[in-house]
2 protein chains.
Amino acid sequence: MIFVDACFGKPTPYTPVWMMRQAGRYLPEYMEVRAKAGNFLNLCHNPELACEVTLQPVDRLGVDAAILFSDILVVPNEMGMKLDFVKGEGPVFEDPIISQADIDALVGGEEAANKLVYVYETIKLIKERLSHDKALIGFTGAPWTLATYMIEGQGTKTYNICKKMMYSNPELLHAILAKVTEVVKFYMEKQIQAGIDVVQIFDSWAAAIEPSKYDEFSWKYMIEIADYLKAKYPHIPIIIFPKGVPAFLDQVYGNFDVFGVDWSTPMALAKEKLGSRYVLQGNMEPCRLYSQEATKECVESLANTMKEGRHIFNLGHGILPDVPVENAQYFVKLCQEVSKR
Amino acid sequence: MIFVDACFGKPTPYTPVWMMRQAGRYLPEYMEVRAKAGNFLNLCHNPELACEVTLQPVDRLGVDAAILFSDILVVPNEMGMKLDFVKGEGPVFEDPIISQADIDALVGGEEAANKLVYVYETIKLIKERLSHDKALIGFTGAPWTLATYMIEGQGTKTYNICKKMMYSNPELLHAILAKVTEVVKFYMEKQIQAGIDVVQIFDSWAAAIEPSKYDEFSWKYMIEIADYLKAKYPHIPIIIFPKGVPAFLDQVYGNFDVFGVDWSTPMALAKEKLGSRYVLQGNMEPCRLYSQEATKECVESLANTMKEGRHIFNLGHGILPDVPVENAQYFVKLCQEVSKR
């Protein structure tokens, strides 16, 4: 599989490409299935429909990897936190975590991971139907990113409830992070057993932590998960994507394969700091997809920066809902062609 | 004035300190005046009340500088865009800019700046009442940050309307930025003539632009404003605060005095890249104010990193509304004491 080889830094006939949120709202066929499901969470819970939307961008765009359609918040949901998606507000947990008793009341470890059976069913269906030359990426949210929702109860601009806990009661925050980490280890192991080819850990809210605290409250938990998986499944590549941490690059360590570079970090800087140790994934600014000219400028620049290889093309964050499908197709094709030369 | 001397890198008896948003909701006396004003915009329009809240943190905390109480959006408002502050949603412009005709319809240059007379009146009142050893900081939003509101019509998570314009129709975005820049030059000149001692330019949404485009769409406009002011008023120090640009530090240039370091950029990194050319301001993570212990850890570390001077203490972003006043007092006092040793 070209994609898996590229994750391990092996030579490939061209640099493979996929897009974060490639199974998403910019695709009319996704919107149809989503409407059929009724709501977003139903779609995550329905293996047949989740499989269908996972495969759509592979057919439509020719990306080199599919990514499991799901949501990072199914994990705290199955740990016992009631999850709603409120129109215009995004995800909401009715009863956020405020005490050790709240943590103790959550379902933990393998027991919580076992409740995510609809995810494993989805993976099995996808693997039956996905072309054998394409990889299937499974994923999880990083413990920190999951914890922000569990503590704030919803999306936040300031993360002030989490960060008040970080500075005033760090033990409590660590207790949450440790419990989530245990569940995620089993969750990703079960995704692997169900058939995924690659793991990606999304730390979408990495940039909410100041650089001097990022290792303690997020990075070390991701590395704990990576170490656990690598010891048992060394053939499964692990991608870590911490969004918005250009000031943390000097401190990156650990046993994973691919570092996902977000668009706020210049690829040349990431290459200088990390390119010899990790394969780099990314990092076109997603808004460039509004213009084929801006897309071309960036893809050619990335291809030039990464001309020695050890690269996977991607956006530097998720594709936006109002991007024209033909521009996404243009991006994928251009990445594959430009890296063949 | 200690504060002005520090901005120019001259030796001072201790390192001065102020806090972004120090005239704000964490102060009960601010909430009282705000209630009296009826709404936020009324408070900006009323020189007597705006003066009162500007002076409150100087009295209560002993900071070394007052910052004019106002809002960055009074500028586009006086350029002709109707501004509302909607509860829970923040600022809203009813008719965002979508075309050259919309830009042409805006009031520009000195004519727009003349309409901000309530700001200059506020400055005059403050200067009459502010202790002569304290500096008064005037401010503006950076053209880019102002433009994001003028184009999106409100706050945004993705900036996708602005960035669609950036990549698909950059000429139109430049036309907006140029027109705003012209107004801001006159606006800041008139603030200086009214009596401010220091200028700060806030680029609050700097981090929305990828590093390779930041100079073109934001930095160069701020430097144009700085050049204009420096040529006429070299005795007025200029602070530039671009929030969230650790990956841009290698490209920083221009004729200003103080670089405001946000909390996502380690002070040691800013010092290494910029410390010989600019005085550095910042940069405690504002959430550390929830804990005196976390505050102490950071202030001592900053004092140590910046022990050769050329530093102004501040937070790395605005103080949050639910911070205890005594913790803010503790921070200010500690900064002043620790740097005396």
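The buried residues of helix α8 of chain A pack against several elements of the chain: α4 (47–61), β1 (65–67), α5 (74–78), β4 (135–141) and α11 (170–194). I should state at once that this is a predicted model.

Which residues of α8(A) are buried? They are Val119(A), Tyr120(A), Thr122(A), Ile123(A) and Ile126(A). These residues cover an arc of only 155 degrees around the axis, which puts them on the same side of α8(A). The other side of the helix carries Lys124(A), Glu128(A) and Arg129(A), which are exposed.

A word on the length of this helix. α8(A) comprises residues 117–129, 13 residues in total. At 1.5 Å a residue, the expected span is 18 Å, and the end C-alpha atoms lie 19 Å apart, so the two values agree.

Let me turn to a hairpin in chain A. Strand β2, residues 83–86, runs antiparallel to strand β3, residues 90–93, and 4 bridges join the two. One of the residues in these bridges is Val86(A), whose partner in β3(A) is Gly90(A). Between the strands there are 3 residues, and in this hairpin Gly88(A) adopts a positive phi near 85 degrees.

I come now to the two chains together. How are chain A and chain B related? Chain A superposes on chain B after a rotation of 180 degrees, with 0.0 Å of shift along the axis and an RMSD of 0.0 Å. The two copies are therefore related as by a two-fold rotation axis. In chain A, the C-alpha nearest that axis belongs to Pro246(A), at 3.3 Å. Both copies use the same surface: 100% of the contact residues of chain A recur in chain B.

As for the contact itself, 25 residues of chain A meet 25 residues of chain B. Which elements give two or more residues to the side of chain A that touches chain B? They are α10 (160–168) and α12 (211–232) of chain A. The largest share, 5 residues, comes from α10(A). By class, this side of chain A has 12 nonpolar, 7 polar and 6 charged residues.

To summarise, I would ask you to keep two views in mind. Within chain A, helix α8 has buried residues that pack against elements including α4 and α11, while Lys124(A) is among the exposed residues on its other side. Between the chains, the copies are related as by a two-fold rotation axis, and α10(A) gives the largest share of the side of chain A that touches chain B.

Technical notes. Residues are numbered from 1 along each chain as its sequence is written. Chains are lettered from A and ligands numbered from 1 in the order in which they are written. This is a predicted model: local features need pLDDT of at least 70, side-chain atom pairs count only at pLDDT 80 or more; totals for chains, interfaces and linings use all residues. Two strands pair if DSSP finds at least two bridges between them. Helices (H or I, at least four residues) and strands (E, at least two) are DSSP runs, numbered from the N terminus. The expected span of a helix is 1.5 Å times one less than its number of residues. A residue is buried if 20 or more other C-beta atoms lie within 10 Å of its own, exposed if 12 or fewer, and partly exposed in between; C-beta atoms are placed from the backbone. The arc is that of the directions from the helix axis to the C-beta atoms. Two residues are in contact if their C-beta atoms, placed from the backbone, lie within 7 Å. Copies are superposed by least squares on the C-alpha atoms of residues with pLDDT of at least 70 in both. Ala, Val, Leu, Ile, Met, Phe, Trp, Tyr, Cys and Pro count as nonpolar, Asp, Glu, Lys and Arg as charged, and the others, Gly among them, as polar.
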